[in-house]
Amino acid sequence: MPIPSQSHEDLRPRQLVRDRVYTEIRDAILTGVLLPGERLEEAGLREWLGVSSTPIRQALQTLAVEGFVETAPQSYTAVTTPHPEQARENLQTIGVLLSGMSILTLPALDAGQLARLATLAGAAAVRNRPGDGRTAVEAYFGALFELCPNTVLTRLAMQAGMSLAYQLTVAHHALDAELSGLSDGFRALQEALAANDVETAEAATRRIFLLP
Amino acid sequence: MPIPPPADSAPVRRLARDRAYDAIRDAILDGTLTPGERLDDAELQRWLGMSKTPIRQALQMLTLEGFVETAAQSYTRVVAPAVEDAVLHLQTAGVLVLGILEVVVPVTTAEQRAELVVLLDAIIAALEAEDEERSIAAAQGYYLRLIGLCPNRVLIRLSERSLAARAYYVLVAYSGLHLDWSEPLAAYRSLRDALASGEISGVRAAVKRLFRITADA
């Protein structure tokens, strides 16, 4: 396991050690510093992060619940290897959370907010492949996240969505054929939002995530 | 904190943290541990007869799910549901249930839908009788069967880890209040009819009504 270089980001003052450790390991996975299938040895993590075993184990447990790492009892912990055959299920599950968020958010927005989302959806129609890195798709749904009034749902979507999106990014080729319709989906979303038609926007969101 | 009776003897080879998780979760669900109650490390160790580590792991899991809340360097306690936040949990559960129905309805046979209708009828009968306990038990039967029909394993896992804590929150927050039974009753009746005919738009509308999934709730 290579030891990632020390990160220099400012940490919030009162952040718990285990939260910092969690964020560091998660970001190393998201940025590809730690690769799918890579073993996570406690000694290596201790050396890299400069902390004791306890916060490392706590962080790994959270990451395991979220699906970033896999553990075998009495055995090893490794970065999750995304299964291509699960790509569709991952995509649909993200879609369940985000279409729910759309239903709770869009009807209460004013014309200006809908127009802004329409612009972001238009950008996502152009640049939307899971391999594209930080894409316009994230910008659209990020804006939706901020507008969503239900904090319980956004917390759940953050908790689950990041790991699902990561696994999808790694294994998206399994869906290449089906994702060819993505641009059409986002264009339909853009048009519905621009026309203040939230029901059609919800249906377009479901279609983007291959929900029936 | 009253000490619950000893947990059942565990099956072989289960991890200590899983046994601790089950025991604490069951104690929360059956009311042995009450909403807002402090969870003391030493007392939990004595009750469960295990060391600090598996208990901390179990509490971390329960915190992620939303059964337990912790404040840094301060307390760990059973979540204390607040009436004003209950609708957020209700809606979140509804979003998952709606998603499950979206993927289940198109792939179920008429027989499977008929089976769900029977389970929904049991909920409706309990609500008509204003029998809260029976309606909760009937709802459990229906939602378990629904999850069992779901072909998407990722969605199943997410629901299993989220729905129970959302339901606990809502039930505790609303318990003791005199709720209007007619609204859920009407929503379950229209859900039943839509499901019987396999009509997804009706299912969608009924679930939104049941879980108050609207932007102005």
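# Reading helix packing and chain contacts

Colleague: Let's start with chain B. At what angle do helix α8 (residues 182-196) of chain B and helix α9 (residues 200-210) of chain B pack, and how far apart are their axes?

Modeller: The angle between α8(B) and α9(B) is about 165°, and their axes are 8 Å apart. To read such an angle, compare it with the cut-off: anything over 145 degrees counts as roughly antiparallel. That is why α8(B) is roughly antiparallel to α9(B). Keep in mind as we go that this is a predicted model.

Colleague: Happy to. What is the handedness of the crossing of α8(B) and α9(B)?

Modeller: α8(B) and α9(B) make a left-handed crossing. You can find the partners in your viewer. From α8(B), look for B:Pro184, B:Ala187, B:Tyr188, B:Ser190, B:Leu191, B:Asp193, B:Ala194 and B:Leu195; they meet B:Gly202, B:Val203, B:Ala206, B:Val207, B:Arg209 and B:Leu210 of α9(B). Sorted by class, the contact of α8(B) with α9(B) has 10 nonpolar, 2 polar and 2 charged residues.

Colleague: Let me try a pair in the other chain. How should I read α4(A) and helix α6 (residues 136-147) of chain A, whose axes cross at roughly 50°?

Modeller: Go through the classes again. Under 35 degrees would be roughly parallel, and 65 to 115 would be roughly perpendicular. The axes of α4(A) and α6(A) come within 10 Å and cross at roughly 50°. That makes α4(A) oblique to α6(A). The crossing of this pair, α4(A) and α6(A), is left-handed.

Colleague: Which residues of α4(A) and α6(A) make the contact?

Modeller: On α4(A) they are A:Leu98, A:Met101, A:Ser102 and A:Thr105, and on α6(A) they are A:Phe141, A:Leu144 and A:Leu147. The contact of α4(A) with α6(A) is made up of 5 nonpolar, 2 polar and no charged residues.

Colleague: Now for the contact between chains. How many residues come from chain A, and how many from chain B?

Modeller: A good way to read an interface is to count first, then ask which elements contribute, then look at the chemistry. Here 28 residues come from chain A and 26 residues from chain B. On the side of chain B that touches chain A, α3 (52-65), α4 (83-104) and α7 (153-174) of chain B each supply at least two residues. The most, 10 residues, come from α4(B). For the chemistry, this side of chain B divides into 15 nonpolar, 8 polar and 3 charged residues.

Colleague: Then α4(B) deserves a closer look. At what angle do α7(A) and α4(B) pack?

Modeller: α7(A) and α4(B) pack at about 45°, with 8 Å between their axes. These two helices are therefore oblique to each other. From α7(A), the residues A:Thr151, A:Val152, A:Leu153 and A:Leu156 meet B:Leu88, B:His89, B:Gln91, B:Thr92 and B:Val95 of α4(B). This contact of α7(A) with α4(B) divides into 5 nonpolar, 4 polar and no charged residues.

Colleague: Let's zoom out to domains. Into which domains is chain A divided?

Modeller: Chain A is divided into domain 1 (17-79) and domain 2 (84-208). With domains, read the separation of the centres alongside the contact count. For chain A the C-alpha centres of domain 1 and domain 2 are separated by 28 Å. In contact are 6 residues of domain 1 of chain A and 6 residues of domain 2 of chain A. The side of domain 1 of chain A that touches domain 2 of chain A has 4 nonpolar, 1 polar and 1 charged residues.

Colleague: And how far apart do the C-alpha centres of domain 1 of chain B and domain 2 of chain B lie?

Modeller: In chain B, domain 1 (16-78) and domain 2 (83-210) are the divisions, and their C-alpha centres lie 28 Å apart. Their contact takes 5 residues from domain 1 of chain B and 6 residues from domain 2 of chain B.

Colleague: Last topic, confidence. What is the mean pLDDT of chain A?

Modeller: Start with the chain average, then look for weak stretches. Chain A has a mean pLDDT of 86, and 89% of its residues reach 70 or more. Among the elements of chain A, helix α7 (residues 151-171) has the lowest mean pLDDT, 88, and helix α4 (residues 87-105) the highest, 94. Over residues 5-13 of chain A the pLDDT is below 50, and this stretch has 2 contacts in the model beyond near neighbours in sequence.

Colleague: What does chain B average?

Modeller: Chain B averages a pLDDT of 90, and 93% of the residues score at least 70. Over residues 1-12 of chain B the pLDDT is below 50, with 13 contacts in the model beyond near neighbours in sequence. For the complex, the predictor gives an ipTM of 0.88 and a pTM of 0.88.

Terms used: Residues are numbered from 1 along each chain as its sequence is written. Chains are lettered from A and ligands numbered from 1 in the order in which they are written. This is a predicted model: local features need pLDDT of at least 70, side-chain atom pairs count only at pLDDT 80 or more; totals for chains, interfaces and linings use all residues. Two residues are in contact if their C-beta atoms, placed from the backbone, lie within 7 Å. Helices (H or I, at least four residues) and strands (E, at least two) are DSSP runs, numbered from the N terminus. Ala, Val, Leu, Ile, Met, Phe, Trp, Tyr, Cys and Pro count as nonpolar, Asp, Glu, Lys and Arg as charged, and the others, Gly among them, as polar. Axes are lines fitted to C-alpha atoms, for helices over the stretch in contact, and angles run from 0 to 180 degrees between N-to-C directions. A crossing is left-handed if the near helix is turned anticlockwise from the far one by less than a right angle, and right-handed if clockwise. Domain bounds come from an automatic or database domain assignment. pLDDT is the predictor's confidence in each residue, from 0 to 100.
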